[in-house]
Amino acid sequence: MISRDLGGETLKDLRDYFQDRDYMVVAVPKEEPARVYVVRATRTVETARRIHDLSPAASVALGRAMVGALLLTSLVKHATDQKVLLKIEGNGPVGTIVAEADGKGRVRGFVENPRVELFTREVDGRRKADLSRVVGSEGTLTVVKELRMGTPYTSVVPLVSGEIAKDLAYYFFQSEQVPSAVGIGVLVGEDGSVTHAGGFLVQTLGGISGRVLDLLEKRVKDLPPVTEMMLSGKRPEDIAVTILEGLKPQLIGLKEVEYYCPCSEEVAKASLHLLPEKEIDEITQNGPAEVVCRFCGRVYRFSKEDL
Ligand code: ZN
């Protein structure tokens, strides 16, 4: 594992290396047990918008879930293909939201209703997206951890807000017993494209001093919204430094983030083979059977002979 002072030189290296690509940084205070994950996923969420032809509201909902899935990879081994699936089933018009990410920073997702409309409410004299009305404030949040070691581990909690970040913080506390603060933001431009998407996760572990615990709580509380920090030019490492200022921040993890769907002809064929033979015969009677990947829209066609 790398460990470098998250200071001037490292900040410059990160900026030069990643430029405007998407990535996640993991940082810790040098002498206290806490972890900070910050991710930028602007291009990744924009890719999802183009694949699924998402409306602005659906872009925000799926984008937040995708950033959430990336933050949930804090639960799997870094740089492996262990993965985490996040499923949100709320009573709002967007329907089911699914996002899946792996330890290598690869993420994919879809929503049931990609053309859902945006609800807004007034906050401090400004119109803001009211995501809880898109996702719904009642329902469940399911996390499936696939550690590639036998049966996947599934955990379900009720939705507490429908804004996704708060729901994830509740999940971390309730199911993983780790006190966590989560912030996620997705901003859509006038033309409907995704201009900013990112998030952070701050976790405190056992043995942390009361002084640092209080300090981190206050920092997180005073932090501007994620999209506001991104709009002002802050990169993931800058946000990590803001949270850990004065605590000798160390960079301990780094990964590029991208939209990636590992679907294949083999997987598509296997899904058809789950059907009874009689049904396969019926489907292939009038031409090839089609399997459409929900995550990336790729279409696989199989004739009766292929199957
Ligand atoms: Zn696919």
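## A tour from Lys248 to the zinc site

Start by selecting Lys248, where, leaving out anything up to four places away in sequence, you'll find Val28, Pro29, Lys30 and Glu31 in touch with this residue. Keep in mind as you click around that this is a predicted model. Lys248 sits in the loop that runs between helix 8 (236–244) and strand 13 (249–256). Colour by accessibility and Lys248 comes out as partly exposed, because its relative accessibility is 47%, between the 20% and 50% cut-offs.

**Across to Val60**

Now draw a distance from Lys248 to Val60: the two C-alpha atoms are 34 Å apart, with their positions 188 residues apart along the chain. Val60 belongs to helix 3. Is Val60 buried or exposed? With 6% relative accessibility, Val60 counts as buried. Show its surroundings and, not counting residues up to four places away in sequence, Val60 touches Leu131, Val186 and Val188.

**Helix 3 and the core**

Select the whole of helix 3, residues 56–72. Its 17 residues reach 24 Å from the first C-alpha to the last, close to the 24 Å expected at 1.5 Å a residue. The helix is mostly covered, with 16 of the 17 residues buried.

What does helix 3 give to the largest nonpolar core? That core holds 67 residues, and the ones with the most contacts inside it are Leu71, Leu86, Ile88, Ile97, Leu141 and Val182. Helix 3 gives the most to this core, 12 residues in total. Domain 1 (4–259) and domain 2 (265–302) both contribute residues, so the core lies between them.

Zoom in on Leu141, one of those with the most contacts in the core. Leaving aside neighbours within four places in sequence, Leu141 is in contact with Leu86, Lys87 and Ile88, with Ser155, Val156, Val157 and Leu159, and with Asp167, Leu168 and Tyr171. Apart from this core there is another one, of 25 residues; to find it, select Leu11, Leu14, Ala34 and Leu216, which are among its members.

**Back along the chain to helix 2**

From Val60, measure to Thr42: their C-alpha atoms are 11 Å apart, and the two residues are 18 apart along the chain. Thr42 takes you to helix 2 (residues 42–52). Which residues of helix 2 are buried? They are Thr42, Thr44, Val45, Glu46, Ala48, Arg49 and His52. Step just past the end of helix 2 to Asp53, which takes a positive phi of about 50°.

**Two more positive phi values, and a glycine**

Next, pick Arg148, in the loop between strand 9 (139–146) and strand 10 (153–158). Its phi is near 60°, a positive value in a residue that isn't glycine. Arg148 counts as partly exposed, because its relative accessibility of 48% falls between 20% and 50%.

Then go to Gln177, in the loop that links helix 5 (165–176) and strand 11 (180–188). This non-glycine residue has a positive phi too, near 55°. Gln177 is exposed, since its relative accessible area is 59% and the cut-off is over 50%.

Follow strand 11 onward to Gly192, which lies in the loop between strand 11 and strand 12 (194–204). With a relative accessible area of 13%, Gly192 is buried. If you measure from Gly192 to Glu122, you get 21 Å from C-alpha to C-alpha for two residues 70 apart in sequence.

**Last stop: the domains and the zinc ion**

Colour the chain by domain, with 4–259 as domain 1 and 265–302 as domain 2. The centres of the two domains, taken over C-alpha atoms, are separated by 34 Å.

To finish, select the zinc ion and its protein donors, the SG atoms of Cys261, Cys263, Cys293 and Cys296. These donors lie 2.2 to 2.3 Å from the zinc ion. Along the chain they follow the spacing C-x1-C-x29-C-x2-C. What is the geometry of the site? The site is tetrahedral, with angles of 104 to 115° among the four donor atoms. For reference, the ideal angle for four tetrahedral donors is 109.5 degrees.

Before you leave, check how covered two of the donor residues are. Cys261 counts as buried at 9% relative accessibility, and Cys263 counts as buried at 14%.

Note on methods. Residues are numbered from 1 along each chain as its sequence is written. This is a predicted model: local features need pLDDT of at least 70, side-chain atom pairs count only at pLDDT 80 or more; totals for chains, interfaces and linings use all residues. Side-chain values use heavy atoms; hydrogens and water are left out. Helices (H or I, at least four residues) and strands (E, at least two) are DSSP runs, numbered from the N terminus. The expected span of a helix is 1.5 Å times one less than its number of residues. Buried means under 20% relative accessible area, exposed over 50%, partly exposed in between (1.4 Å probe, protein chains only). A nonpolar core is a set of buried Ala, Val, Leu, Ile, Met, Phe, Trp, Tyr and Cys residues joined through side-chain atoms within 4.5 Å. Domain bounds come from an automatic or database domain assignment. Contact means heavy atoms within 4.5 Å. Donors are N, O and S atoms within 2.8 Å of the metal (3.2 Å for Na, K and Ca); water is not among the atoms, so sites may look incomplete. Four donors count as tetrahedral if all angles lie between 85 and 135 degrees; four count as square planar and six as octahedral if opposite donors are over 155 degrees apart and all others between 65 and 115; anything else is irregular.
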